[in-house]
2 protein chains.
Amino acid sequence: MAFIVQKFGGSSVANAERIWRVAGIIADTYSENNDIVVVLSAQGDTTDDLIEKAKEINPRPSKREMDVLMSTGEQMSIALMAMALEKMGLPVISLTGWQIGMQTNSVYGNARIKKVSCDRIRNELDKRRIVIVAGFQGVNKYDDITTLGRGGSDTTAVAIAAAMNANLCQIYTDVEGVYTCDPRKVPGARKLEEITYDEMLELASLGSQVLHNRSVEMAKRYNVNLEVLSSFVRKPGTKVKEVTKMEQTKISGIAKDTNVARIALIGVKDEPGVAFKVFRVLAKQKINVDIILQSIGHDETQDISFTVAKNDMEEATAALREQQDIIGFRDLSVTDKIAKVSMVGAGMVNSSGVAVQMFEALYAAKINIHMISTSEIKVSVLVNESEADRAIQAIHAKFFET
Amino acid sequence: MAFIVQKFGGSSVANAERIWRVAGIIADTYSENNDIVVVLSAQGDTTDDLIEKAKEINPRPSKREMDVLMSTGEQMSIALMAMALEKMGLPVISLTGWQIGMQTNSVYGNARIKKVSCDRIRNELDKRRIVIVAGFQGVNKYDDITTLGRGGSDTTAVAIAAAMNANLCQIYTDVEGVYTCDPRKVPGARKLEEITYDEMLELASLGSQVLHNRSVEMAKRYNVNLEVLSSFVRKPGTKVKEVTKMEQTKISGIAKDTNVARIALIGVKDEPGVAFKVFRVLAKQKINVDIILQSIGHDETQDISFTVAKNDMEEATAALREQQDIIGFRDLSVTDKIAKVSMVGAGMVNSSGVAVQMFEALYAAKINIHMISTSEIKVSVLVNESEADRAIQAIHAKFFET
């Protein structure tokens, strides 16, 4: 007997047939004498439908009222799932964010969890009930409804698992686990049995859609055993843990992120404070900057290049142009026809030459590298967007298919 | 400046255009410097859509989970209305049943209000905000979501008006007020300026769809000034009060109810305890009985006739047949091809001959009366269903069109 938290995403509960399939998974886990808390997202298109409804009334509604609206989506899911389990004759109860005491701060639309008071859930589990919880939502100190933003339901699941010392937190999605590369792009991609939190974090932030960073970070902090698996195929998925087996591959995955634009400031004065002036402008606009590259100065000027998300590109460019005199740059060049290709692996740090092998693979494929960024467990390169798929295929072949 | 509670039903907020119209009414009321609490139902077909979704999963879901599901409907309405008012630049906040402390008992699907703790609403009104409240829903002592059953949003509005001593509770519907008769059936029907609680109660229970009995009963008990008016036409509606003007008409309205079936037990022994035996059987099945008529006995037997709602007819008949030996009746006759036509008016009790005038009108129209029932402010007759419309027209002409 174990205490298991299971999270099912929107596509896993999109319609009656899928709800039934998920109910089957839950019922099987329950019949093995486990305590189960199930966390659900809103059904398939519900979120989009609700946004559509709101925009029809007000294109810029307050985030507080959006959260009141959006949180109905998960509430529908939990009621419907409870009804499916009732039909199977199982003891079950659905609970919303405020009912489980999911306390958050007051940043509507992107709230952070402060505390989960688990009394109600514990109480229901003690009655041997399956507890179905609405993901993505909480309440702030004013008793107003908040939502957790992207990846919110994953975070709900991990937070409950952490607060209640669950033995396992299973994240069910529409893929079978974490792959060495996107299987739709690289046919040779294979599923990883295990991966460390840090590797998962790098993969998540590099465009792998499986798990959101926030949930992985929280799992790492509270040492929650995660498993990523499919709600469509009954197979073991990928385990995310602190330490994985000794014989792990050096490289755990290759990821591609096309949501990247590069801005280059050319002819910036080579003097102290320049980087501060540039990035202060962007910070004021709340624009996140990813890779930064500062060239070595010559002729008393230098170039500063960096990447931002595609939809921040125009705002960033406009803000910088406005401050051109204060920052002092000669020219600004910008492109969004690029992609970031990254290789992640905890084994990398102790193994010289891994980055070199990656560059070699790209050279052999005649792919030009625009920027390079490295960390202890990651190497990222910027390449032309049109060459990104070929790039991940070449790198994957080099490391996994020989 | 006054404190006004405004309630808008599902058809008044069915789509974006109607939400805008209602927002206009609210904005005007606010601009006259009033404190406003707005109570909303779920949008148009939302309730039916949610029931449909549930039935697809489980034809007989628990009422607790149905309430979790159904309560999302009003939550969507309040968020959307708040967004419309935000667009107009008005200060507004939406609140759910649990957020306003709408405490109910635990009868899921048909809960009774126990208490409204008005702190949150008062707090928001003090900030000069328009408060938009989800009707129809509350929480029980376990912090579980409940719904109030039929007419629930009207009841929410009246309960808040009562608890907070509002000056007026306006119930906006798709009709312009309370009429002397159904205007679709009787072209000469006219809107009443005023009506007493008791008259409204009789009209409501007699098939007039304007207000649900529970809300009128509560308004009477706490002396809440009600007004029924249209959200489509900006005109004064009908005021419902304790005492109306002296010069009121004796008759306030004529109503027709076709949801009636008559059951007659023939040849019942004329001895004590018979009525008890008959109606105990029906009470056990939770079947409500309306008009009861016990004939004067002759030859040591008598007949007992009574009416029930049409959808209780078969169950009632079956239950009585099963107990035929114990009750001791010779025969049972049943029909649902009948209708109840009623005349309501507080003036009636002090004015002899009103009932006689009603019978005279029916006689002139050659309409046969099957049963008669009277109260202090009401006379009801049972007629053939096919003659019901002619009956209300004839009575209306007699009292209102001369």
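Trainee: In this predicted model, how many residues does each chain give to the contact between chain A and chain B?

Mentor: Contact here rests on C-beta atoms, placed from the backbone, lying within 7 Å. Chain B contributes 27 residues and chain A contributes 27 residues.

Trainee: Which elements give two or more residues to the side of chain B that touches chain A?

Mentor: They are helix H1 (16-31), helix H2 (46-57) and helix H3 (63-87) of chain B. H3(B) provides the largest share of that side, 14 residues.

Trainee: What is the make-up of this side of chain B by class?

Mentor: The side of chain B that touches chain A has 15 nonpolar residues, together with six polar and six charged residues.

Trainee: Let us turn to the sheet. What is the order of the four strands in the open sheet of chain B?

Mentor: In general, strands of a sheet pair through backbone hydrogen bonds, in either a parallel or an antiparallel manner. In chain B the order is S13-S18-S20-S19, and the pairing is antiparallel. Strand S13 (253-257) and strand S19 (371-375) of chain B are the edge strands, each pairing on one side only. From one strand to the next, the twist averages 20 degrees.

Trainee: How many bridges join S13(B) to strand S18 of chain B?

Mentor: Five bridges join S13(B) to S18(B), residues 338-344, and the two run antiparallel. Asp257(B) stands opposite Lys340(B), which lies in S18(B).

Trainee: Which strands does helix H12 of chain B touch?

Mentor: Helix H12 (residues 388-400) of chain B packs on the sheet and touches S13, S18 and strand S20 (378-384) of chain B. The direction of H12(B) makes about 15 degrees with that of S18(B).

Technical notes
Residues are numbered from 1 along each chain as its sequence is written. Chains are lettered from A and ligands numbered from 1 in the order in which they are written. This is a predicted model: local features need pLDDT of at least 70, side-chain atom pairs count only at pLDDT 80 or more; totals for chains, interfaces and linings use all residues. Two strands pair if DSSP finds at least two bridges between them. Axes are lines fitted to C-alpha atoms, for helices over the stretch in contact, and angles run from 0 to 180 degrees between N-to-C directions. Two residues are in contact if their C-beta atoms, placed from the backbone, lie within 7 Å. Ala, Val, Leu, Ile, Met, Phe, Trp, Tyr, Cys and Pro count as nonpolar, Asp, Glu, Lys and Arg as charged, and the others, Gly among them, as polar.
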